[in-house]
Each structure stands twice: as C-alpha cells, then as structure tokens.
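Okay, thanks for squeezing me in, everyone. Let me put the structure up and then we'll walk through a few parts of it.

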Amino acid sequence: MNVTERRAEVAGFVRERWGDLLAEIGGTVVERDEARLPPPSGLLATAGSSGLVALSLPQQVGGENADALTWGMVLEQIGYLCEDSALPLILNHQIDIAKFVCESGRADLIEAYALPVAQGRRGAGIAYTEEADAFSFRTLLRRKGDGFLLSGHKTYVTAALISDVFLTYALDETGDMQACMVQLDDPGVTVTAAEPVAMRTAGAGSITFEDVPLSADRILVATDGLTHAQRFLGYQRLWAACAPLGRAQAILEDCATRLATRVRYGESVAGLKNVEASLGRMYVAIESARVMLHHALSRVADGRAEVVFDPVVAAAKYFAVEQIRFVLDRAQGLLGGHGFYGTPHLGRYTRDYAGIAVLAGTQDILEVNLGAGVVARAGRPPIESPRSETSS
C-alpha cells in the first residue's frame with residue numbers, strides 16, 4: 001500500500017462526506033467551551049446517520065468495517081478540519097463500545113446498544129475511571145436473586161451528559177472485574193456534570209450508582225473484565241494521538257500563514273531564518289509522528305498488535321505526544337502576543353491537549369511499562385532466522 005496516496009484518498013472522502021458537518025461543529029466551539037457545552041445532540045445524531053460513527057464498525061450494524069489504519073487517517077482529518085478537540089474522543093468512545101458489544105455475538109445486546117449507537121440514535125460512554133487503581137475499585141457488582149445490584153461512583157466519564165448507556169466496569173464479590181451495560185434511566189443512576197480544567201466541550205460528568213438493579217443479560221463480560229478494559233485503553237492510546245496530529249498540521253499551516261502577513265525589520269516574519277528553522281522543526285515533528293503512528297496503525301490493522309499492551313502502539317502514542325506538544329509550544333513562541341490574545345483557538349487547544357496527552361496512560365507510566373518490557377525481552381533467546389533447505 002502506498003500510505004501517502006491512501007492518506008490523500010482518505011482526506012478527500014472525509015472532506016466530501018463530513019467536511020460541512022465538522023466545520024459546523026467546530027464553528028460553535030468557542031461559545032460552547034465558555035458555557036461547558038458538548039456538541040449539539042442534533043449534530044452528533046447526524047454524525048451517526050451520515051455513517052461517520054459506523055465507518056469502522058462491522059457490516060452487521062451498517063458499518064463499513066474500515067481497518068485501523070484507515071480509521072486513524074480519518075481521525076487525523078477530523079482533527080485537521082474540526083476545531084472541537086473533544087469530538088474525536090466522543091466518537092471513539094461510542095465506536096469502541098459498539099465494537100465490544102458486537103464482539104460479544106449476542107443479538108440482544110447488539111440490537112439494544114450497538115445498532116442504535118452506530119446509527120446515532122443513542123449516546124454511549126465508558127464508566128471506568130475512579131480515584132483508585134483497578135484492583136481497588138469501589139464500584140461493586142453484587143448478586144441479588146437472578147440479577148445484580150450495582151453500587152459505586154465513577155469520577156470522570158467522557159460524554160456522560162449526552163449518553164444514555166454506559167459500559168461500566170465494576171468488581172464482583174470475588175474481586176474479579178466485570179463489565180456491564182447500564183442505562184441512564186435505570187433506577188439509582190445519577191449523572192453530575194464535571195468541571196474539568198480542559199476538554200470543556202466533552203460533556204463529561206461523574207456517575208453515581210445506588211443499588212442499581214441489573215438483570216443477568218446486562219453483563220457483557222462476566223470474568224477478567226480488567227483485560228477487557230485494558231483492550232479499550234490500548235485502542236484509545238492509539239486513537240488519542242491521531243486527531244491531535246491533524247490539529248498540529250492545521251496549526252503549523254495557520255502559523256505560517258499568519259507570520260507571512262507580518263513584517264519586522266522590513267521583511268516578512270516568515271522569511272526570517274530563525275522562524276524558517278522553527279517551522280522546519282515543526283514540520284519534522286509532525287512528519288515523524290505521522291510515520292510512527294501509521295506504523296502502529298498498520299500493525300493493528302494486520303492483526304499483529306498485542307491485545308492488552310502493545311509496545312509499538314504505546315511507543316507511537318508516547319512519541320506523538322512529545323512531537324505535538326513541541327509543535328504547540330513552538331507555535332505559541334512564534335506567534336508571540338498574537339497567539340496569546342489574537343486567536344481563541346491556540347490557547348484553548350493547548351489547554352485541551354494537556355488532557356488528551358494523559359489519556360490511557362501518562363508519559364511517565366508509558367516509559368515505565370515500555371522499560372519493563374525491554375527488561376523482560378532482554379532475557380529471551382534471540383530469534384533465529386529460519387535456515388534454508390540447503391543449509392548444513
């Protein structure tokens with residue numbers, strides 16, 4: 001595959017199919033950020049009915065079964081075209097929930113949750129995060145008769161305010177983790193708006209579960225839910241870097257355009273050698289991050305990635321975060337005061353990116369996990385190349 005040609009092809013059909021929708025969502029982001037409002041429900045419904053949500057989902061729910069590389073490129077274009085940095089996160093959470101439900105093979109859950117999410121008729125969120133590690137969750141799922149009672153609290157759920165179903169992770173009475181489907185209208189479910197420093201347009205909230213009755217058919221994963229959750233985090237680790245890469249590309253282009261219209265010392269600021277050098281380093285950062293991400297996306301698309309924690313995927317996310325952070329910093333430095341007060345977007349996105357960068361693992365945690373993997377692999381015997389038939 002010629003990846004450059006594929007990327008150009010993806011850019012063309014994303015702009016053609018969803019360009020107007022993405023521009024409309026991004027066009028209200030400044031006002032919505034100040035008011036802490038998510039994208040309008042009607043526009044999110046359009047994202048579903050127009051096929052954006054279903055693009056990478058199976059055909060059984062009306063999807064096009066796009067592979068990981070294609071979807072990563074789509075996300076990059078969404079980041080490039082839409083100034084609302086929360087939109088890709090909202091979409092990815094809904095898509096991965098629908099994927100997990102489809103993987104269960106259960107027609108009842110697919111009909112109730114995956115299909116309406118794919119079509120934009122239901123919003124969905126992941127209820128995982130607590131102020132505790134996964135082995136110390138205080139959200140508990142206890143048996144009662146033929147069903148269960150769910151009690152606990154999730155501190156931060158992306159799109160909680162616009163979701164009516166939540167994929168919820170809780171510990172059972174043995175300490176094992178389970179995954180269950182909880183609906184907003186279930187008795188005992190309370191959603192409270194969150195007030196995060198960044199990502200104010202993500203519709204985030206906390207959720208409290210007070211003895212929520214769940215029938216046995218709501219259990220999506222009955223054992224080893226931790227591995228299931230780690231798969232979700234592994235996907236998000238990769239998806240989280242793709243849209244910001246597209247936004248970094250847009251920021252680089254906008255930065256060069258703005259600098260070209262300003263004159264200092266009798267010449268265009270964009271023509272000053274130190275400015276050209278900075279723009280060149282920003283270009284290198286974006287291109288190198290893109291190569292790393294495409295390598296990881298191809299690995300996932302080919303089925304070669306490790307399910308729970310893939311070191312190439314983690315390294316790609318880590319590297320992309322560092323490069324995008326550099327681009328944002330240099331853009332602010334080059335634009336100076338204009339970047340501070342002349343546009344509402346650079347500062348807002350820099351603030352939002354601080355939250356995106358820690359999604360599915362901070363840089364320090366990824367360093368530790370990757371380093372532990374290096375140590376573990378160091379003790380293995382080297383992989384020998386297969387000998388040819390003529391070898392003695």
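**A walk through the model**

Let's start with a glycine: Gly120 comes just after helix H6 and has a positive phi of about 80°. Before I go on, keep in mind that this is a predicted model.

So, H6 itself. That's residues 107–118, and what I'd like you to look at is which of its residues are buried. They are Leu109, Ile110, Tyr113, and then the whole run Ala114, Leu115, Pro116, Val117 and Ala118. And what covers them? The cover includes helices H3 (41–49) and H5 (87–104), along with strands S1 (124–127), S4 (165–171), S5 (177–183) and S8 (219–221).

Okay, over to the strands, and S3 in particular. S3 spans residues 147–157, and it's mostly covered, with eight of its 11 residues buried. Which way does strand S2 run relative to S3? Antiparallel: S2, residues 140–144, is joined to S3 by five bridges. If you want one pair to click on, Leu141 has Leu150 in S3 as its bridge partner. The hairpin of S2 and S3 has two residues between the strands, and Gly145 there takes a positive phi near 65°.

S3 also pairs with S7, residues 205–214; that's seven bridges, again antiparallel. Here the pair to look at is Lys154 with Ile207 in S7.

Now the helices further along. H7 is residues 225–260 and H8 is residues 273–301, and they pack at about 160° with their axes 10 Å apart. With that angle over 145, the two are therefore roughly antiparallel. The crossing, H7 past H8, is left-handed. What sits in the contact? From H7 you have, among others, Leu238, Trp239, Leu245, Gln249 and Leu252, and these H7 residues meet a set in H8 including Leu279, Tyr283, Ile286, Arg290 and Leu293. By class, this contact has 20 nonpolar residues, one polar and one charged.

Last one: H8 also packs with H4, residues 68–81. The angle there is about 145° and the axes are 7 Å apart. H4 brings Ala68, Leu69, Gly72, Met73 and Glu76, while H8 brings Arg290, His294, Leu297, Ser298, Val300 and Ala301. The class split for H4 with H8 is six nonpolar, three polar and two charged. Notice that Arg290 is listed here and in the contact with H7 as well.

That's my tour, happy to rotate things if anyone wants another look.

How values were computed:
Residues numbered from 1 in each chain as written. Predicted model: local features only at pLDDT ≥ 70, side-chain atom pairs only at ≥ 80, totals over all residues. Heavy atoms only, no water. Buried < 20%, exposed > 50% of the residue type's maximum accessible area, 1.4 Å probe, protein only. Helix = DSSP H or I, 4+ residues; strand = E, 2+ residues; numbered from the N terminus. Pairing = 2+ DSSP bridges. Axes fitted to C-alpha atoms, helices over the stretch in contact; angles between N-to-C directions. Parallel < 35°, antiparallel > 145°, perpendicular 65-115°, else oblique. Left-handed = near helix turned anticlockwise from the far one by under 90°. Contact = heavy atoms within 4.5 Å. Nonpolar A, V, L, I, M, F, W, Y, C, P; charged D, E, K, R; others polar.
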